[in-house]
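Open the model in your viewer and keep the selection box ready. The tour moves by selection, one stop at a time.

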Amino acid sequence: MAATQGASDVLSIDKVDFLKLQNGSDIRGVAIAGVEGEPVNLTELVAEAIATAFAAWLLNKKKADGLRRLRISVGHDSRISAHKLQNAITHGITAAGHDVLQFGLASTPAMFNSTLTEDAINHCPADGGIMITASHLPYNRNGFKFFTSDGGLNKTDIKDILERASKVYEESAHCGKQEQTGVVTHVDYMSIYASDLVQAVRKSAGNKEKPLEGLHIVVDAGNGAGLGLFPNHIPNPEDKAAMEAITQAVLNNKADLGIIFDTDVDRSAAVDSSGRELNRNRLIALMSAIVLEEHPGTTVVTDSVTSDGLTAFIEKKLGGKHHRFKRGYKNVIDEAIRLNSTGEESHLAMETSGHGALKENHWLDDGAYTMVKLLNKLAGARTLNPNIGSKVLTDLVEGLEEAAVTVEIRLKIDQNHADLKGGSFRDYGESILKHLESVISKDPNLNKAPKNHEGVRVSGYGGWFMLRLSLHDPVLPLNIEAQSKNDAMKLGLAVLAAASEFSALDTTALNKFLQQ
Ligand SMILES: O=P(O)(O)OC[C@H]1O[C@H](O)[C@H](O)[C@@H](O)[C@@H]1O
């Protein structure tokens, strides 16, 4: 797929479908060859064109004329394709006459933060930031997240950038090598960013220099961030194997706490000293408890697959309001910002995936800051009792009702199947959801959730299920929670009965669950 960059000035360039690289509000593609069925589509030339396009988009956003030199920060996670993409991005920006602040190994929230930090010596704030990452995805993928001081870009911005990039890419075939007029500066921004986080923990303990001294904390930085190949498990705190690994490490080392991040540090989770996982609904419950102590009555915005137990916990135990919205961290954050603008106070937006953002932290989607909030709680408690450990945190989720059975089953739609009749998988998925809704309305054991912002959420048999369209993939994820396997199977059977007439939907995973 790669273009051939020869000695001549004219490059021969393959056709690239730039819009295929869009993944919601991010760009993602395959950067390393070798995985069957996954051809490389994020080449250096593609990355370069995207960087030039981002600079042009940013100039337009800032309503600046072509003479204005922008300062764009560029950072990357530990993937093995990071350096070549960083060089390509730098090339694309400097060739367009703008300056680059190279941060090197960085986290996604730090890149956003660089557009807010006032620090002239380190050339901040940057006009825009680019994080090179594919988040929790496998090692062969990579991608870009873009920021301005207004936050992460939205879907429309990304589409605009990719359309511009497509033109840049075609034009570059005829222009040959561009002169690099922009300046590249290396900045150790992560030290500035990390020291802000350390200050926050010190402050919460009454400015004590070492408020966590004596605690033993195990950290999984996205499964060996130094390696870039993720040899042990997917770097994702939602992943079972990942959580098992950090739990074992806590128990084996008799540690007080375990902390786990995804590769670009916007997702996180924790494990207490007894090996109890503090992720998914439990982490949202814990963060809600902390935030509601600081802001009584506030609204907590979450994604759509949170449990009924979480709603009861936030509303009955903590006296807050739970606004269950859509899946997708950007959706959740934007909704919290929207609520505030309508006069409904919200301080926390969080997904079961481990993405979390706080109003006090500029709505930055920041896994490290989420963990800082837990550490603040620990540090504060240790000023009163220096021997106290992670039980302070565990106690905060006391009373959260949890289902005995919790599953997510992902049902694939075959996009090439004749039953789609040439239509999109989204339309097909929507018709399945519509049919399911009408089947449910006739079943006396099942009740559709009165308030719902995506998919079909239904309660029954002492539990609930939710079927929705994946944000990006031709997949209908099905979440089921129930108090017994038998009840969970009854809920699963209701979905299967409604889905069975849709022959392009692969129900193998659901059948397997029902036969276990
Ligand atoms: O809709 P799904 O396929 O389950 O994916 C949902 C997830 O997509 C991306 O990874 C977003 O970054 C997450 O915020 C979101 O939770």
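The stops below cover a ligand site and two sheets in this predicted model.

**Stop 1: the ligand**

Select the ligand, then add the residues around it. The shell is His136, Arg267, Arg327, Gly328, Tyr329, Glu351, His355, Arg410, Arg468, Ser470, Leu471 and His472. Colour the shell by class: two residues are nonpolar, five are polar and five are charged.

Now pick out the polar contacts. Start with Arg410: an N or O atom in its side chain lies 2.6 Å from a ligand oxygen. Go on to Leu471, where a polar backbone atom is 2.8 Å from an oxygen of the ligand. Then show the side chain of Arg267, which places an N or O atom 3.2 Å from a ligand oxygen. How much of the ligand does the protein bury? Of the 390 Å² that the ligand exposes when taken alone, the protein buries 92%.

**Stop 2: the six-stranded sheet**

Select residues 405-413, which form β17. Arg410 is part of the ligand shell. Now bring in the whole sheet. This open sheet has six strands in the order β18-β19-β20-β21-β17-β22, with antiparallel pairing. Which strands stand at the edges? They are β18 (447-448) and β22 (505-506), each pairing on one side only.

Zoom in on the β18 edge. Strand β19 (residues 456-460) runs antiparallel to β18, and two bridges join them. Select Lys448 and Val458: Val458, in β19, is the residue opposite Lys448.

Next, show helix α13, residues 485-499. The helix lies across β17, β19, β20 (463-467), β21 (475-482) and β22. Look along β21: helix α13 runs at about 150° to that strand.

**Stop 3: the four-stranded sheet**

Select the second sheet. It is open, with four strands in the order β14-β13-β15-β16 and mixed pairing. The edge strands β14 (321-324) and β16 (356-358) have a single partner each, so one side of each has no neighbour in the sheet. Direction ignored, neighbouring strands here are turned by 20° against each other on average.

Focus on β13, residues 299-302. Four bridges join β13 to β14, and the two run parallel. To see a bridge pair, select Thr299 and its partner Lys321 in β14.

Finish with helix α8, residues 308-317. Helix α8 lies across β13 and β14, at about 150° to β14.

Note on methods:
Residues are numbered from 1 along each chain as its sequence is written. This is a predicted model: local features need pLDDT of at least 70, side-chain atom pairs count only at pLDDT 80 or more; totals for chains, interfaces and linings use all residues. Side-chain values use heavy atoms; hydrogens and water are left out. Two strands pair if DSSP finds at least two bridges between them. Contact means heavy atoms within 4.5 Å. Axes are lines fitted to C-alpha atoms, for helices over the stretch in contact, and angles run from 0 to 180 degrees between N-to-C directions. A residue is near a molecule or strand if one of its heavy atoms lies within 4 Å of it. A polar contact is a pair of N or O atoms within 3.5 Å; within protein, one must be able to donate a hydrogen and the other to accept it, and residues adjacent in sequence count only if both atoms are side-chain atoms. Accessible areas come from the Shrake-Rupley method with a 1.4 Å probe; for residues, only the protein chains shown count as cover. Ala, Val, Leu, Ile, Met, Phe, Trp, Tyr, Cys and Pro count as nonpolar, Asp, Glu, Lys and Arg as charged, and the others, Gly among them, as polar.
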